[in-house]
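Biologist: Can you walk me through this one? I'd like to ask about it piece by piece.

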Amino acid sequence: MSLSRVFSGIQPSGDVQLGNYLGAIKGWVDRQDEKDNFFCIVDLHALTVYQDPNNLNHQIKSLAAILFAAGLDPAKCSVFIQSHVKEHSELCWLLNCITPIGWLERMTQYKDKSSGQESVSTGLLDYPVLMASDILLYDAVEVPVGDDQKQHVELARDICQRFNNIYGDTFALPEPVIPNIGARVMGFDNPLIKMSKSYSHIRGHAIRIIDTEDEILRTVKRAVTDSGNEIKFSDNPDNAGVNNLLGIYKVITGESTKDVESNFINSRGYGDLKIKVAEVIIEELQPIRKRYRDLMENPDHLDKLLSEGAEKARSLAEKKMEIVKNKIGLVSR
């Protein structure tokens, strides 16, 4: 019995944060045996805004090293760079030709990012079609995403159905999958907003995977909480800071809500909570940081791993593109 195919993409823009790790990467590692997984560093998506070339090059390699260091196993899954498989861009153009522009203009992220701008790039508008190409190229039936990307996967479904209706069954219909836990880690400085690379310039907002133990401890100790002292999960916005810390502790330890709360019954206050949360974060990230440094100091090995991943992806992408071209009526080579 063949495993369900899953496509997951992550942008190499900004340093990988605890929110990225707990919200996506940790789940990828834990479940990589269960599915036929393709993990893609979507470097082309990062180009919708200007990127310093040297910094982008470093961020791509750094992200790859973190993915492998976190535990993604090349023997169990495919980890590759988007631009190393040209069929992503090729399919994007073909899908552009059947996608109504009105579908793209309705995307919430496009509206938000273009609001108040005199001009925006075509890439910002077309970003969801490239994302659809990423997914459909591999006939992925599951796409793990955060809430902010769900609409783009729904658009990929619309594009898929439109293509299949015009040219006959060609692509598998993907489904967005939003993780039940760890999907939304909030900022330490403001627990009412999602931890984001957009606020990476603010010290204390997030923890980076490559942060030192002292920096992690500093950030957690300064995390915003409320004026109470009850350490329990709560939906009350006033308790968002404590809820965020407990949620991080729960995802890392794998304990139930009841067990997590029991661990803090005898705590003297939020100071004890912060120390324990910092300790489990440090313990979780320490081996990842070590493997990350080893990979960054051995670029030839990192390049080899990425090359092997791209070859696996390319073997499927090339076959799918031949099918698509034949359906459309293009002449094969």
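What follows is a round of questions and answers on strands, helices, cysteines and a few single residues.

Biologist: Before we dig in, what kind of model is this, and which pLDDT do local features need?

Modeller: This is a predicted model, so keep that in mind throughout. Side-chain atom pairs count only at pLDDT 80 or more. For local features the bar is a pLDDT of at least 70.

Biologist: Fine. In which sense do β1 and β2 pair, and over how many bridges?

Modeller: Isoleucine 10 stands opposite isoleucine 41 in β2. The chain gets from β1 to β2 through helix α1 (residues 18-30), in a right-handed β-α-β crossover. The pairing itself is parallel, over six bridges.

Biologist: And which residue in β3 stands opposite isoleucine 41?

Modeller: Strand β2 (residues 36-41) runs parallel to β3, and four bridges join them. Between the two, the chain passes through helix α2 (residues 53-70), and this β-α-β crossover is right-handed. The residue opposite isoleucine 41 is isoleucine 81.

Biologist: Staying with strand β3 (residues 78-81), which residues point the other way from Ser78 and Phe80?

Modeller: In a regular strand, side chains alternate between the two faces of the sheet. Here Ser78 and Phe80 share one direction, and all four residues of the strand are buried. Pointing the other way are Val79 and Ile81.

Biologist: Just past that strand, in the loop between β3 and α3, sits glutamine 82. Which residue's backbone nitrogen lies 3.4 Å from a polar atom of its side chain?

Modeller: Glutamine 82 is buried, with a relative accessible area of 0%. Leaving aside neighbours within four places in sequence, its contacts include Cys40, Ile41, His88, Leu130 and Asp134. Asp43 is another of those contacts. The backbone nitrogen at 3.4 Å belongs to aspartate 43.

Biologist: On to helix α3 (residues 87-96): within what arc do its buried residues fall?

Modeller: The buried set is Glu87, His88, Leu91, Cys92, Leu94 and Leu95. Looking down the axis of α3, they line one face of the helix, because they fall within an arc of 165°.

Biologist: What do those buried residues of α3 pack against?

Modeller: Three strands are on the list, namely β1 (5-10), β2 and β3. The helices there are α6 (122-136), α7 (150-167) and α12 (299-328).

Biologist: Same game for helix α8 (residues 213-221): what arc do the buried residues cover?

Modeller: Glu215, Ile216, Thr219 and Val220 are the buried ones. As a general point, an α-helix has 3.6 residues a turn, so residues three or four places apart point the same way. The buried residues of α8 pack against α9 (240-253) and α11 (270-296). They sit on the same side of α8, because they cover an arc of only 125°.

Biologist: How many disulfides does the count come to?

Modeller: A disulfide needs two cysteine sulfurs within 2.5 Å. The sulfur of cysteine 77 has its closest cysteine sulfur in cysteine 40, 12 Å away, so it is too far for a bond. The sulfur of cysteine 160 is 15 Å from its closest counterpart, in cysteine 92, which is also too far. The count comes to zero.

Biologist: Is cysteine 160 buried or exposed?

Modeller: Buried means under 20% relative accessible area. Cysteine 160 has a relative accessible area of 1%, so it is buried.

Biologist: Now lysine 35, in the loop between α1 and β2. Which side chain does its own side chain join in a polar contact of 2.9 Å?

Modeller: Lysine 35 is partly exposed, at 25% relative accessible area. Not counting residues up to four places away in sequence, it touches Leu3, Ser4, Val6 and Glu142. The 2.9 Å polar contact is with the side chain of glutamate 142.

Biologist: One backbone oddity to finish: what is phi of aspartate 139 near?

Modeller: Most residues other than glycine have a negative phi. Aspartate 139 lies in the loop between α6 and β4 (142-144), and it counts as partly exposed at 23% relative accessibility. Its phi is positive, near 55°.

Conventions: Residues are numbered from 1 along each chain as its sequence is written. Side-chain values use heavy atoms; hydrogens and water are left out. Buried means under 20% relative accessible area, exposed over 50%, partly exposed in between (1.4 Å probe, protein chains only). Two strands pair if DSSP finds at least two bridges between them. A crossover is right-handed if, with the strands pointing away from the viewer, the path from the first strand over the helix to the second runs clockwise. The arc is that of the directions from the helix axis to the C-beta atoms. Contact means heavy atoms within 4.5 Å. A polar contact is a pair of N or O atoms within 3.5 Å; within protein, one must be able to donate a hydrogen and the other to accept it, and residues adjacent in sequence count only if both atoms are side-chain atoms.
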